[in-house]
Amino acid sequence: MADEIVMDTADGNCRELLDVLMAQGVSTIVLSPGSRNTPLLIGASAREGLRKYMINDERTAAFTALGISLASHKPVAIACTSGTALYNYAPAVAEAYYQRIPLIVITADRPMQWIGQDDSQTLVQPGALDKIVKKSFDIPARSVTPRLPEGRLFDDEQTWYVNRVVNEAVLTATTGIPGPVHINIQLDNPLNRTVPYKEGNPRTVSHYESAGTLSPSLCEKTAKYLRNKKILVVAGFMQPDHNLNRALDGFLETSGAMLMAETISNLHIGRHERAFEIDSVLRLMQGYQKEQLRPDVIISIGGSLVSRKLKEFLRDCTGAEHWTLADTALSADCFQRLDRHFDSPPAAFFGRIGREMRRWEQGSGHSYHDTWMAVKGLLAESQPTGVPTWSELLVFDHILDTMPDRWNLFLSNGTPVRYAQIMMKSMPHACYCNRGVSGIDGTNATAFGASLAYKGTTLLITGDMSFSYCPEILNLARLGGDLRIVVINNAGGGIFRFIDTTRTLPMRERYFCSDPQLPLRALAEAYGWRYLHAGSDEELADVLPVLYTSARVLLEVTVDPQTSADTLRDYMANKL
């Protein structure tokens, strides 16, 4: 029996687009059904080398792609039909923009002459995402186009244009500070025409990025300037980077600098492994201790910080300079004391400056890091160990202390990421949270996408309000990945019982906390998940081994909402 002929889309623009994406290293695409994107769906189905996930809801699809890119460290494409489907992508694209994730956003569109003509499922799509993408591109519908002379790389100008646009789009998304790009492609009827598939061999444009190496003179000048300075390195959210770990470790050792790294910085650095205990230390400090630990130079890396206490401490550091590197926007001035920006990636900067600093001795031999650790030691001695009350704080203490080391951890926004800041004692394999714009709507789908890209287990810890946005991931788990889920049921948005803005409002419970009353057991069992429950310290200890050893488990942990909020406030105010 002859091999079945694989049929490809007859639309040459779509064929070229998909072939260039694959040639540029885009190996995964998340698709949603539709009519206008029929040529894209036909073309994707014909390409065996392209990993495809079909997810009906575009918002969920985009966040899933975000998670895949986050955990795989590779660009991921998403493609949808025309009309409002595009705007369902917007929340995830915004998160990708501020979290520096290279999403390739592809939206099918009607030909431009039919926009604004009362035809169905049309709106103005080109440029619709301009504020949250690095660049937008628009590919017109294929029409009669000039043939190019024989011997050229392309048969016609349209193919050349599409090739150029898609090459530029991928390079824009993946170079410099990474981020999403938007390709709007106009598609004309008939949409379902096919031709036999023929493997493409498109032109690819290469980009050779410099390592951002400092000139020898600037390197020497900077290293001398930092000599005997009190240096504080502050790390926000980042993806794991072995080269950065090694370079930063050497710099810290040589300079005597202190590292304050948030849990989602994904830094794993020897003796500084517990440098992310930020809020638990700053909450205890007296004014004279903060003055004693005031840095001369703050070097920040990564994205925005979770810790309000750390931001307040740094803004109050009178006289300190703030330096940023190439992973930060040139004008970002979160601490209101920006002094210098180096167009050098963190790994290159710390590697070069650390090696240069090793040419000199550090002087007194007593480092800024040692001063910090001495103060931390004194503060730790005065504090009781353990959390006395069944609360969210105690739940996080138990889970983060027992979670397997090789797991990836995904935290929802609100209180979970803040609890992790306080209670995490050692870094997991990787730790993520949607802190680009800090929304809760895409947590579930992003965590699910991250699980698809990681060969091990991914644990999602979320609140009941966050989980209510997309319980559909229980069904999507059939697509793969090893995702385990812990839902902290605190009757809605627990953070509103904690923050000063809302905690005393009489309408707090109805209009802010808004208990979703999710039927978690029914949802889990309906989709073939194993449901576990814990409502006490003893019950949690009993079920955690099951969570750690069984696939497709959803653990619901119920806590008293007000007790949890009060416990967290007391902890942060040093009353426990």
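Why is helix H2 largely enclosed by the rest of the structure? Let's start there, and keep in mind as we go that this is a predicted model. Helix H2 covers residues 38–46, and eight of its nine residues are buried, so the rest of the structure largely encloses it. If you want to click through them, the buried ones in H2 are Thr38, Pro39, Leu40, Leu41, Ile42, Gly43, Ala44 and Ala46.

Okay, on to the sheet. This one is an open sheet with five strands, and the order across it is E10-E9-E11-E12-E13, with parallel pairing. At the edges you have strand E10, residues 258–261, and strand E13, residues 338–341, and each of those pairs on one side only. Going from neighbour to neighbour, the strands are turned by 25° against each other on average, if you ignore direction.

Let me zoom in on the E13 side. Strand E12, residues 321–324, is joined to E13 by three bridges, and the two run parallel. To find your place there, look for histidine 322, which stands opposite leucine 338 in E13.

So what packs on this sheet? Helix H8, residues 242–255, does: it touches strand E9 (231–235), E10 and strand E11 (297–301). The direction of H8 makes about 160° with that of E9. Then there's helix H11, residues 308–315, which lies across E9, E10 and E11 and runs at about 145° to E9.

Now stay with H8, since it has a helix partner too. The axes of H8 and helix H12, residues 346–357, come within 8 Å and cross at roughly 30°. That crossing angle is why we can call H8 roughly parallel to H12, the cut-off being under 35 degrees. As for handedness, H8 passes H12 in a left-handed crossing. Who makes the contact? From H8 it's Asn243, Leu244, Ala247, Leu248, Phe251, Thr254 and Ser255, and from H12 it's Pro346, Ala347, Phe350, Gly351, Ile353, Gly354 and Met357. Sort those residues by class and you get nine nonpolar, five polar and no charged.

There's one residue I'd like to pick out around here, and that's isoleucine 269. You'll find isoleucine 269 in the loop between E10 and helix H9 (279–282). Is isoleucine 269 buried or exposed? With a relative accessible area of 2%, isoleucine 269 is under the 20% cut-off, so it counts as buried. Leaving out its neighbours within four places in sequence, isoleucine 269 is in contact with Asn245, Leu248, Asp249, Leu252 and Leu259. And Leu248 we just met, as one of the H8 residues in the contact with H12.

Second helix pair: helix H14, residues 392–402, and helix H21, residues 537–549. Their axes come within 11 Å and cross at roughly 35°. Here the crossing of H14 past H21 is right-handed. On the H14 side the contact is made by Leu394, Val395, His398, Ile399 and Thr402, and on the H21 side by Asp537, Leu540, Leu544 and Tyr548. By class, that contact has six nonpolar, two polar and one charged residues.

Last stop, threonine 446, which lies in helix H16, residues 443–453. Threonine 446 has 0% relative accessibility, so it counts as buried. Which residues does threonine 446 touch, not counting those up to four places away in sequence? They are Phe63, Thr64, Leu66, Gly67, Phe410 and Asn434.

Technical notes: Residues are numbered from 1 along each chain as its sequence is written. This is a predicted model: local features need pLDDT of at least 70, side-chain atom pairs count only at pLDDT 80 or more; totals for chains, interfaces and linings use all residues. Side-chain values use heavy atoms; hydrogens and water are left out. Two strands pair if DSSP finds at least two bridges between them. Helices (H or I, at least four residues) and strands (E, at least two) are DSSP runs, numbered from the N terminus. Axes are lines fitted to C-alpha atoms, for helices over the stretch in contact, and angles run from 0 to 180 degrees between N-to-C directions. Contact means heavy atoms within 4.5 Å. Angles under 35 degrees count as roughly parallel, over 145 as roughly antiparallel, 65 to 115 as roughly perpendicular and the rest as oblique. A crossing is left-handed if the near helix is turned anticlockwise from the far one by less than a right angle, and right-handed if clockwise. Ala, Val, Leu, Ile, Met, Phe, Trp, Tyr, Cys and Pro count as nonpolar, Asp, Glu, Lys and Arg as charged, and the others, Gly among them, as polar. Buried means under 20% relative accessible area, exposed over 50%, partly exposed in between (1.4 Å probe, protein chains only).
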